[in-house]
Amino acid sequence: MTPPPSPARILVIEDEEALRLALADALAAEGYTVLTAADGVAGEELALSSAPDLVLLDLMLPRRDGFEVLRSIRRERTALPVLILSARGEEWDRIQGFEYGADDYLVKPFSMRELLLRVGALLRRAGAAEPGRSARGRARFGEVEVDFAGYSLVRGRTRHGLSRRELELLRFFLDHPGQVLARNRILDEVWGRDAFPTPRTVDTHVLKLRKKIEERPERPRHLLTVHGVGYKFSPEGEDGA
Ligand code: CA
């Protein structure tokens with residue numbers, strides 16, 4: 001049996017609440033991991049900090065408009081697929097969108113079905129063209145080798161299966177080595193803002209991960225507790241207190 005591919009992370013930057021929620025629901029129903037932002041500043045920050053695989057970007061946004069957000073995304077991640085969603089249908093806007101580096105453009109109102117088809121097409125194209133993606137297929141730290149596509153990891157001689165959420169959480173830790181990560185930030189970026197888990201959810205998943213990656217889960221060397229804040233991931237392994 002072929003394991004399911006790792007879910008792509010999609011960032012929705014849209015200030016119109018009803019549309020933002022409808023997009024998040026439709027994408028989550030397709031199995032994507034969804035992050036959302038309601039203005040240009042928050043959207044830009046998430047685009048650059050949360051490693052999305054694709055961005056849906058409104059143009060008329062409070063605080064920073066979509067063109068500016070797109071420009072800063074392009075400075076950092078040239079190959080990240082960006083699909084513009086806009087009420088503006090004029091040719092000039094479309095041309096400007098593409099000149100700023102948008103990959104596709106949909107004029108509101110659009111059908112959710114068409115949006116999902118275009119998202120799928122952009123992700124497939126990016127999967128073939130973006131070399132960083134295959135590099136994310138496997139990761140190694142300490143005695144652990146993670147196989148993202150296979151939803152599993154091997155430590156020593158033992159293979160452990162990973163749930164989708166455990167895999168996403170581990171990827172988030174791997175993307176932020178040595179940083180103190182607050183529970184709320186982990187919730188926002190791994191679970192997404194439209195999900196309603198509690199900070200305890202993070203603790204539960206960390207315990208599960210520790211059993212798979214740590215030699216002695218009760219004395220972790222990679223997934224360290226930062227008391228009162230959250231967690232820190234150490235690829236080399238630290239001797240905990
Ligand atoms: Ca808008």
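These are my notebook entries on a predicted model, taken one region at a time.

**Entry 1: the calcium site**

I began with the calcium ion and looked up which protein atoms hold it. The protein donors are Asp-15 (OD), Asp-58 (OD) and Met-60 (O), and they lie 2.1 to 2.3 Å from the ion. Along the chain I wrote their spacing as D-x42-D-x1-M.

Is Asp-58 buried or exposed? I found it buried, with a relative accessible area of 3%. Met-60 is exposed, at 52% relative accessible area; the cut-off for exposed is over 50%.

**Entry 2: strands β3 and β4**

Asp-58 also led me to a strand pair. Strand β3 covers residues 54–58 and pairs with β4 in the parallel sense, over four bridges. The bridge partner of Asp-58 in β4 is Leu-85.

How many residues of β4 are buried? I counted five of the five in residues 82–86, so the strand is largely enclosed by the rest of the structure. I then noted which way they point. Val-82, Ile-84 and Ser-86 point one way, Leu-83 and Leu-85 point the other way, and all are buried. As a rule, side chains in a regular strand alternate between the two faces of the sheet.

**Entry 3: helix α2**

Next I went through α2, residues 40–49, and listed the buried positions: Gly-40, Gly-43, Glu-44, Leu-46 and Ala-47. Why do they count as being on the same side of α2? They cover an arc of only 165° around the axis, and that puts them on the same side. In general, an α-helix has 3.6 residues a turn, so residues three or four places apart point the same way.

I looked up what these buried residues pack against, and noted β1 (9–13), β2 (33–37), α3 (66–76) and α8.

I checked both ends of α2 as well. At the start, a side-chain oxygen of Asp-39 comes to within 2.9 Å of the backbone nitrogen of Val-41. After the helix comes Ala-51, with a positive phi near 50°.

**Entry 4: the nonpolar cores**

The largest nonpolar core has 26 residues. Which of them touch the most other members? I noted Phe-141, Val-146, Leu-169, Leu-170, Phe-173 and Ile-186. At least two residues each come from β6 (138–141), β7 (144–147), α7 (164–175), α8 (183–191), α9 (199–213) and β12 (230–233). Helix α7 gives the most, with six residues.

I took Leu-170 as one member to follow. Leaving aside neighbours within four places in sequence, Leu-170 is in contact with Phe-141, Val-146, Leu-153, Leu-162 and Leu-209.

There is also a second, separate core of 20 residues, which includes Leu-56, Leu-85, Leu-116 and Leu-123. I had already met Leu-85 as the bridge partner of Asp-58.

**Entry 5: the hairpin of β11 and β12**

Strand β11, residues 223–226, runs antiparallel to β12, and four bridges join them. Across the pair, Leu-223 stands opposite Phe-233. Three residues sit between the strands, and in this hairpin Gly-228 takes a positive phi near 80°.

In the segment after β12 I found Ser-234. Ser-234 counts as buried because its relative accessibility is 2%, and the cut-off is under 20%. The side chain of Ser-234 reaches the backbone nitrogen of Gly-237 at 3.0 Å. Not counting neighbours within four places in sequence, Ser-234 is in contact with Arg-221, His-222 and Leu-224.

**Entry 6: Asp-203 and Ala-182**

Asp-203 lies in helix α9. At 10% relative accessibility, Asp-203 counts as buried. What does its side chain make a polar contact with? I found the side chain of Tyr-231, at 2.7 Å. With neighbours within four places left aside, the contacts of Asp-203 are Arg-183 and Tyr-231.

Last, I looked at Ala-182, which lies in strand β10, residues 180–182. Ala-182 counts as partly exposed, at 30% relative accessibility. Ala-182 and Val-226 are 44 residues apart in sequence, yet 8.6 Å apart in space from C-alpha to C-alpha. Residues up to four places away not counted, Ala-182 touches Val-229 and Gly-230.

Terms used
Residues are numbered from 1 along each chain as its sequence is written. This is a predicted model: local features need pLDDT of at least 70, side-chain atom pairs count only at pLDDT 80 or more; totals for chains, interfaces and linings use all residues. Side-chain values use heavy atoms; hydrogens and water are left out. A nonpolar core is a set of buried Ala, Val, Leu, Ile, Met, Phe, Trp, Tyr and Cys residues joined through side-chain atoms within 4.5 Å. Buried means under 20% relative accessible area, exposed over 50%, partly exposed in between (1.4 Å probe, protein chains only). Contact means heavy atoms within 4.5 Å. Two strands pair if DSSP finds at least two bridges between them. Donors are N, O and S atoms within 2.8 Å of the metal (3.2 Å for Na, K and Ca); water is not among the atoms, so sites may look incomplete. The arc is that of the directions from the helix axis to the C-beta atoms. A polar contact is a pair of N or O atoms within 3.5 Å; within protein, one must be able to donate a hydrogen and the other to accept it, and residues adjacent in sequence count only if both atoms are side-chain atoms.
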